[in-house]
Amino acid sequence: MASEPVNVNEYQELARRALPKMYYDFYAAGAEDEHTLRENVKAFSRISICPRILIDVRQIDLSTSILGHHISAPILIAPTAYHKLAHSEGEIATAKAAAACKTIMVLSFSSNSTLEEVSASCNAVRFFQLYVFKNRQLSAWLVQRAEKSGYKAIVLTVDTPKLGRREADIKNKMIAPQVKNLEGFMSTEVVNDKGSGPQAFANSYYDSSFSWKDLNWLKSITKLPILIKGVLTHEDATRAVELGVDGIIVSNHGARQLDYAPATISVLEEVVHAVGGKVPVLLDGGVRRGTDIFKALALGARAVLIGRPVIYGLAAKGENGVKQVIGMLKDELELTLALTGCSSIKDITRNHVRTDNETHRSLL
């Protein structure tokens with residue numbers, strides 16, 4: 001019998017074995033040369049952690065809060081599409097795992113279960129991820145349904161005026177499932193003879209004209225807080241805060257959009273400085289270890305989001321796999337806090353980490 005996985009990375013191999021190649025590639029691949037895909041993970045290795053000694057760490061508290069919602073650890077589930085391609089129970093299994101782990105799931109618009117079905121599956125705090133469509137009534141309809149179903153925030157994805165060139169999907173002629181959340185409003189079937197179904201859908205329906213001035217429209221149709229996902233620069237972070245967003249997610253869409261965009265951890269501090277504590281900043285992309293989470297928190301993130309690790313856990317072991325992935329990251333984070341002399345998330349400071357540049361300067 002094969003040994004049980006001992007870290008999150010080992011779940012990826014289990015998922016690769018469990019899934020058809022088309023579906024595994026859909027989840028695992030990035031845009032074009034996949035430079036940013038590799039960098040999202042590698043960039044964490046260029047940050048060192050500074051241990052502290054002789055501190056009482058018998059009791060360690062990982063809990064924190066996001067927009068006033070208490071969670072057991074600074075780990076949220078990122079919005080990822082089509083969970084039923086990974087496991088028959090799909091988003092329902094993921095939602096139950098999030099609830100059991102006492103954290104927040106951000107449900108993707110492109111879920112295989114409707115937002116109402118996920119809401120009814122268990123009692124937990126959830127956010128809803130939104131794209132803006134050419135037909136604004138469609139986006140408004142989704143927001144209204146999210147409010148009615150008890151979702152606590154809208155996560156607006158802002159980095160997708162066009163879908164990135166995901167060559168694995170093109171080669172595999174990836175077939176996009178019907179989007180359950182649009183049933184009853186419109187058909188999501190698209191005629192596609194160039195390979196990727198998701199790309200054809202996005203190009204047909206996403207609104208590439210959506211711009212900063214349109215944030216006021218979104219704010220006008222909902223009382224829910226709005227986080228924007230896809231910020232990578234000081235300039236965009238500053239603008240977002242000026243326009244009254246409630247949170248920022250530093251994200252490059254899992255390296256699935258613009259290849260050679262920076263790794264998210266490498267620009268996190270730039271965004272944090274621009275925001276100046278006015279709203280929470282979260283990090284998405286490349287998190288595979290508890291030490292990665294610690295580094296993000298030390299550089300100013302309130303929490304991180306994990307996407308692929310959740311999918312890999314789901315593909316390998318369903319709901320239990322997702323719980324195990326989150327549990328592994330929590331255990332690793334707790335150990336990192338102990339070895340750095342931190343008894344709570346609040347104890348983590350910028351002085352606990354050094355970038356390669358800082359380490360180099362200290363040796364001169």
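A search of the whole structure, which is a predicted model, turns up zero disulfides. Cys101 is a case in point: this residue is in no disulfide, and the nearest cysteine sulfur, that of Cys122, sits 11 Å away. Seen from the other end, Cys122 is in no disulfide either, with the sulfur of Cys101 as its nearest at 11 Å. A disulfide needs sulfur atoms within 2.5 Å, so a gap of 11 Å rules this pair out. Both cysteines are tucked away from the surface, Cys101 being buried at a relative accessible area of 11% and Cys122 buried at 17%.

Salt bridges are another matter, with the count coming to 16. One of them joins the side chains of Lys317 and Glu4, at 2.2 Å from N to O. Lys317 belongs to helix 13 and Glu4 to the segment before helix 1 (8-18), so this pair ties together parts that are 313 residues apart in sequence. Neither partner is buried: Lys317 counts as partly exposed at 27% relative accessibility, and Glu4 is partly exposed at 44%.

A more local link is found in helix 2, where the side chains of Asp25 and Lys21 meet in a salt bridge of 2.6 Å, N to O. The two residues are separated by about one helical turn, because they stand four residues apart in helix 2. Their surroundings are quite unlike: Asp25 is buried, with a relative accessible area of 14%, whereas Lys21 is exposed at 57%. Glu183 and Lys180 form a further salt bridge, their closest N and O atoms being 3.6 Å apart. Here Glu183 is partly exposed at 46%, and Lys180 is partly exposed at 26%. Elsewhere, Arg136, Asp207, Lys213 and Asp214 are linked in a network of salt bridges.

Arg288 goes without such a partner. This residue is buried yet has no salt bridge, and the nearest side chain of opposite charge, Asp292, is 6.8 Å away. A salt bridge calls for nitrogen and oxygen within 4 Å, so Asp292 at 6.8 Å does not qualify. Arg288 is placed in the loop between strand 10 (281-284) and helix 12 (290-298). Beyond its neighbours within four places in sequence, Arg288 is in contact with Val8, Asn9, Val41, Arg308, Pro309, Leu329 and Glu332.

Turning to the annotated residues, the unreviewed UniProt entry lists Tyr131, Arg166, His253 and Arg256 under "binding site". The lining of the largest pocket includes Tyr131, Arg166, His253 and Arg256. The unreviewed entry in UniProt also lists His253 under "active site". His253 lies in the loop between strand 9 (247-250) and helix 11 (264-275), and is buried at a relative accessible area of 11%. Leaving out residues within four places in sequence, His253 has contacts with Tyr131, Thr157, Asp159, Thr160, Arg166 and Lys229.

Tyr131 likewise occupies a loop, between strand 6 (126-130) and helix 6 (136-148), and counts as buried at 9% relative accessibility. Apart from residues up to four places away in sequence, Tyr131 touches Phe109, Ser139, Thr157, Thr160, Tyr206 and His253.

As for helix packing, helix 3 (residues 35-42) has Thr36, Leu37, Glu39 and Asn40 buried. The buried residues of helix 3 pack against helix 2 (21-28), helix 11 and helix 13 (308-339).

Definitions and conventions: Residues are numbered from 1 along each chain as its sequence is written. This is a predicted model: local features need pLDDT of at least 70, side-chain atom pairs count only at pLDDT 80 or more; totals for chains, interfaces and linings use all residues. Side-chain values use heavy atoms; hydrogens and water are left out. Buried means under 20% relative accessible area, exposed over 50%, partly exposed in between (1.4 Å probe, protein chains only). Lys and Arg count as positive and Asp and Glu as negative; His and the chain ends are not counted. Contact means heavy atoms within 4.5 Å. UniProt positions are given in the numbering used here, feature names are shortened, and annotations may be inferred rather than shown by experiment. On a 1 Å grid over the protein atoms alone, a cavity is a set of points where a 1.4 Å probe fits but cannot get out, and a pocket is an open set with protein on both sides within 12 Å along at least five of seven lines; lining residues have an atom within 4 Å of a point.
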